[in-house]
Amino acid sequence: MRIFLLILACFFSLNHLHGQEYRKIKQLSGRIIEINSKLPIHHAVILIQNESNQVIAFTESDSSGKFSINYTFTGDTITIKVKLLGFNNLQKKISTSLSFFEGNLVKAESIELKEVVIQNRRSIEVIGDTV
């Protein structure tokens, strides 16, 4: 009985080790810059998505625009998205064999509003002892 349990434990540990190799952790590093001025962009959100657009990893760029992100994925291509308020979003499909990515963000065009109307509406009415 002990030999059977030992063989069973070895089988499951080998199967677990094989699964670890198959789902190898990959690293993607890079830099996010503004396309016209070539200045680094900090606090940009970097998302890595699989084929069904599920986020598998995310990070944020540092003050020099650099980022490093670890992810686990078994496919050949991923989608990288870079987002930051005031800039157009960047979305690109890349190979999982790529280890460095340089993203160029473009400032979004500003939209001027002709008019803003603010209306006051009473949200709570007090009637007797109820609100």
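**Figure 1. Contacts across the whole predicted chain.** Take the contacts in this predicted model whose partners sit 6 or more positions apart: 47% of them join residues 24 or more positions apart. The chain has 131 residues, and 24% of them are buried. Its accessible surface comes to about 10500 Å², and carbon and sulfur atoms account for 55% of that. What does the chain look like in terms of helices and strands? There are one helix and seven strands, and the pattern along the sequence reads α-β-β-β-β-β-β-β.

**Figure 2. The four-stranded sheet.** Here you're looking at an open sheet with the strand order 3-2-5-6 and antiparallel pairing. Which strands sit at the edges? Those are strand 3 (55-60) and strand 6 (90-95), each pairing on one side only. From one strand to the next, the twist averages 20°. Over on the strand 6 side, strand 5 (residues 77-83) is joined to strand 6 by six bridges, and the two run antiparallel. To spot one of these pairings, find V82 and look across to its bridge partner in strand 6, L90.

**Figure 3. Strand 2 and its two partners.** Zoom in on strand 2 (45-49) and you'll see a mostly covered strand, with four of its five residues buried. On one side, five bridges join strand 2 to strand 3, running antiparallel. L47 makes a handy landmark here, with F58 of strand 3 as its bridge partner. Strands 2 and 3 also form a hairpin with five residues between them, and N53 in the turn has a positive phi of about 60°. Strand 2 also pairs with strand 5, again in the antiparallel sense and over five bridges. For that pairing, look for Q49, which stands opposite T79 in strand 5.

**Figure 4. The three-stranded sheet.** This one is also an open sheet, with the order 4-1-7 and mixed pairing. Strand 4 and strand 7 are its edges, so to speak: each pairs on one side only. Ignoring direction, neighbouring strands of this sheet are turned by 30° against each other on average. Strand 1 and strand 4 run antiparallel, joined by seven bridges. One place to see this is I25, whose bridge partner in strand 4 is T72.

**Figure 5. Inside the largest nonpolar core.** In soluble globular proteins, nonpolar side chains tend to be buried together. The largest nonpolar core in this model holds 18 residues. Which of them touch the most other members? They are L28, I32 and F67. Five strands each supply at least two residues of this core: strand 1 (25-34), strand 2 (45-49), strand 4 (66-72), strand 5 and strand 7 (100-105). Try following I32 for a moment. Leaving aside neighbours within four places in sequence, I32 is in contact with a whole list of residues, including L39, I46, F67, V82 and L105. S61, G65 and G103 are also among its contacts.

**Figure 6. Two unusual backbone angles in one loop.** Most residues other than glycine have a negative phi, and most peptide bonds are trans. Now check K38, a residue other than glycine whose phi is positive, near 65°. K38 is found in the loop between strand 1 and strand 2. H43 belongs to the loop between strand 1 and strand 2 as well, and it has a positive phi of about 65° although it is not a glycine. Are these two side by side with the solvent, or tucked away? K38 counts as partly exposed because its relative accessibility is 48%, and H43 counts as partly exposed because its value is 47%.

**Figure 7. I35 meets a distant part of the sequence.** Stay in the loop between strand 1 and strand 2, and find I35. With 33% relative accessibility, I35 counts as partly exposed. How many residues separate I35 and L105 in sequence? They're 70 residues apart in sequence, yet their C-alpha atoms are 5.7 Å apart in space. Not counting residues up to four places away in sequence, I35 touches N104, L105 and V106.

Technical notes. Residues numbered from 1 in each chain as written. Predicted model: local features only at pLDDT ≥ 70, side-chain atom pairs only at ≥ 80, totals over all residues. Heavy atoms only, no water. Buried < 20%, exposed > 50% of the residue type's maximum accessible area, 1.4 Å probe, protein only. Contact = heavy atoms within 4.5 Å. Areas by Shrake-Rupley, 256 points an atom, 1.4 Å probe, with all protein chains shown as cover. Pairing = 2+ DSSP bridges. Axes fitted to C-alpha atoms, helices over the stretch in contact; angles between N-to-C directions. Core = buried A, V, L, I, M, F, W, Y, C linked by side-chain atoms within 4.5 Å.
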